[in-house]
Every structure is written in C-alpha cells, then in structure tokens.
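This report describes the fold and the metal site of one protein model. It begins at the metal site and then moves to the surrounding helix, sheet and core.

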Amino acid sequence: MALLNICVYPDPVLREKARPIGMVDAAVRRLIDDMAETMYDAPGIGLAANQVGKPLRVIVIDLQREEDPHGLIVLVNPEIVQASGELVWEEGCLSVPEFFAEVHRHEKVTVRGLNADGKPVEIQADGLLAVALQHEIDHLNGRLFIDHLNPIKRDIFKRKWKKRLLEASV
Ligand code: NI
C-alpha cells in the first residue's frame, strides 16, 4: 500500500468526469487500498479517485465513528438510485482544505455499485453517510461541495481562497 498525493482545488482533475470501471481487477484493488490508506492518513471520512489524480469511478468512505456499523465502504461505479428529503450539513473536503460550509443535500439516498470484490451492493443511508455518499459521487462527476453554495457564500469562498494562495506564495 502507498500514500497518494491529494489534488487540491483548482487542480483540473477535480473537474473531470470519472470513467466507469470495466472490471475490478488487481490494479483497481490496489487503487482502493491506496485510497483507503490515504484517507485514513489525511485524516478524512471520504475520498474519490479524482482526488488522487485518477478520474475513475471509485470512492471510499469511513465515517470513523465507533457507532457506525459500516466501517470502510468501498464503491466502484456508484449510482444514486433513490433520494428523498432534505438536510443541511457543514461540509469540508480534503481537496479544499480549511474551508467549511453548509450544503443542502438529500436526507436519504440509496446507492448501488460494486464492492472491492466486484460484487453488486446496495447501501441505504441517511444523515452523515447520505451526505458523504452524495459528496463523493459528486466528485466523480467533477463537482465540488463549493459548487452548491449560493452566490454570496461562493464569493466568500473565492476571497478566502485568493488570500490563502497569496499567503502560500509569500
Ligand atoms: Ni471531497
């Protein structure tokens, strides 16, 4: 296993639409292992393959909460097949470090995909897990949580980010 470099906004790979995986082979399983290790090391609760520079439809999630029975969730070619309700959650992203903002999401989602063994799985989720699934699947479509912000909040983000880039270049 190896730690992968996490791409940071505005890296163009974050805007790419990720390609579906044809077969979960050894190379895909290695990518999954490396993504999980990178997520735990960061630490974060979710990571999409775009974020490590590979526009492929693979996500890993681990809420890292003792009460959560799922542990590590791996999804290849995930699709939201059902969504309902609405909630607001304060989100962050390993590709947009040190910025957090409230985002409107569906409260409940049903997601289908393949697991690390290439077997079909279905996950019914609500609350934080539903948010994490929507956030990571957004990544696979080149979408970031900041894209969900209203114009005023997006402006705040842009100003903060500009300041951050200026500070980094000093
Ligand atoms: Ni993210």
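## The nickel site and its setting

His135 and His139 lie 4 residues apart in helix H2, which means that about one helical turn separates them. The model in which they are seen is predicted. Both histidines coordinate the nickel ion through NE2, and Cys93 coordinates it through SG, at 2.1 to 2.2 Å. Along the chain, these donors follow the spacing C-x41-H-x3-H.

Are the two histidines of the site buried or exposed? A residue counts as buried when its relative accessible area is under 20%. His135 has a relative accessibility of 7% and therefore counts as buried. His139, at 1%, counts as buried as well.

The helix that carries these histidines comprises residues 127–140. At 1.5 Å a residue, its 14 residues should span 20 Å, and the 21 Å between its end C-alpha atoms agrees with this. Of the 14 residues of H2, 14 are buried, so the helix is largely enclosed by the rest of the structure. H2 is followed by Gly142, which has a positive phi, near 75 degrees.

**The sheet**

An open sheet contains 5 strands in the order E1-E2-E3-E6-E7, and the pairing is antiparallel. The edges are formed by strand E1 (46–48) and by E7; each has a single partner strand, so one side of each is left without a neighbour in the sheet. On average, neighbouring strands are turned by 35 degrees against each other, direction ignored.

E1 and E2 run antiparallel and are joined by 3 bridges, while E2 and E3 pair in the antiparallel sense over 4 bridges. The table lists residues of these strands that face one another.

| Residue | Opposite or bridge partner |
|---|---|
| Leu47 | Val60 in E2 |
| Ala48 | Ile59 in E2 |
| Val58 | Val76 in E3 |

Both faces of E2 are covered: Val58 and Val60 are buried on one side, and Ile59 and Ile61 are buried on the other. Helix H1 (residues 26–41) lies across E1, E2 and E3, and it runs at about 40 degrees to E2.

**The nonpolar cores**

In soluble globular proteins, nonpolar side chains tend to be buried together. Which residues touch the most other members of the largest nonpolar core? Among its 18 residues, these are Ile59, Ile61, Leu75, Ile123, Ala125, Leu129 and Leu133. Two or more residues of this core come from each of strand E2 (58–61), strand E3 (73–84), strand E6 (108–114), strand E7 (120–126) and H2. H2 gives the largest share, 7 residues.

Apart from this core lies another one, of 15 residues, which includes Cys7, Phe99, Ala101 and Phe145.

Ile59 illustrates how these parts meet. Leaving aside its neighbours within four places in sequence, Ile59 is in contact with Met35, Leu47, Ala48, Ile73, Val74, Leu75, Pro78, Leu133, Glu136, Ile137 and Leu140. Ile59 is the bridge partner of Ala48 and is one of the buried residues of E2.

Terms used: Residues numbered from 1 in each chain as written. Predicted model: local features only at pLDDT ≥ 70, side-chain atom pairs only at ≥ 80, totals over all residues. Heavy atoms only, no water. Expected span 1.5 Å × (residues − 1). Buried < 20%, exposed > 50% of the residue type's maximum accessible area, 1.4 Å probe, protein only. Core = buried A, V, L, I, M, F, W, Y, C linked by side-chain atoms within 4.5 Å. Contact = heavy atoms within 4.5 Å. Pairing = 2+ DSSP bridges. Axes fitted to C-alpha atoms, helices over the stretch in contact; angles between N-to-C directions. Donors = N, O, S within 2.8 Å, 3.2 Å for Na, K, Ca; no water.
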